[in-house]
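Colleague: Thanks for making time for me today. Could you put the structure up so we can go through the annotated sites together?

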Amino acid sequence: MKIQMLSSKIHRATVTDANLNYVGSITIDEKLMKAANLLEYQKVEILDINNGERFQTYVIKGNKKGEICLNGAAARKVCVGDLVIIVAYASMKTKKAKDFSPTIVHVDSKNEII
């Protein structure tokens with residue numbers, strides 16, 4: 001049997017931009033992506049601490065330091081300055097899941113890794 005497990009998380013990132021006129025996704029600073037083991041186009045769930053919204057989208061690589069930008073329809077679900085948790089899950093066998101540890105990245109108010 002396989003189960004879904006948290007594979008990685010960026011905890012309490014600050015939304016730096018919301019671009020309604022983009023074709024969807026979340027743009028994340030490439031350095032944060034690497035630290036959290038997130039791949040471009042990977043499905044993620046966004047949890048907005050400020051307003052309780054929870055939604056899914058996919059990751060695109062950002063070029064700006066500390067960038068966390070919600071694009072397209074997702075831009076309506078957040079405000080610039082909101083704190084979000086970005087999570088990704090992986091499907092794995094229960095036996096492996098028992099010994100698995102997710103990658104968790106904590107950031108400060110400028111989205112710098114702490």
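Colleague: Is T57 buried or exposed?

Modeller: A note before we start: this is a predicted model, where local features need pLDDT of at least 70, side-chain atom pairs count only at pLDDT 80 or more, and totals for chains, interfaces and linings use all residues. Residues are numbered from 1 along each chain as its sequence is written, and side-chain values use heavy atoms, with hydrogens and water left out. Buried means under 20% relative accessible area, exposed over 50%, and partly exposed in between, using a 1.4 Å probe and protein chains only. T57 has a relative accessibility of 14%, so T57 counts as buried.

Colleague: Which residues does the UniProt annotation "binding site" cover?

Modeller: The annotation comes from an unreviewed UniProt entry; its positions are given in the numbering used here, feature names are shortened, and annotations may be inferred rather than shown by experiment. The residues covered are T57, G72, A73 and A74. They span 18 residues in sequence, yet they gather at one spot, because no two of their C-alpha atoms are more than 10.1 Å apart. So the answer to your question is T57, G72, A73 and A74.

Colleague: Where is A73 found?

Modeller: Strands here are DSSP runs (E, at least two residues), numbered from the N terminus. A73 is exposed, with a relative accessible area of 64%. Its place is the loop between β6 (68-71) and β7 (83-93).

Colleague: At which residues does UniProt place the feature "active site"?

Modeller: This one also comes from an unreviewed entry, which lists S25 and Y58. They span 34 residues in sequence, but no two of their C-alpha atoms are more than 5.0 Å apart, so they gather at one spot. S25 is in strand β3 (residues 25-29), while Y58 is in strand β5. The residues you asked for are S25 and Y58.

Colleague: What is the relative accessible area of S25?

Modeller: Contact means heavy atoms within 4.5 Å. Leaving aside neighbours within four places in sequence, S25 is in contact with T57, Y58, I60, C69, L70 and N71. S25 is buried, and its relative accessible area is 1%.

Colleague: Which backbone atom does the side chain of T57 reach, and at what distance?

Modeller: T57 is found in strand β5 (residues 54-62), and S25 is among its contacts beyond four places in sequence. The side chain of T57 reaches the backbone nitrogen of S25 at 3.3 Å.

Technical notes:
Helix = DSSP H or I, 4+ residues; strand = E, 2+ residues; numbered from the N terminus. Polar contact = N/O pair within 3.5 Å; in protein donor to acceptor, adjacent residues only side chain to side chain.
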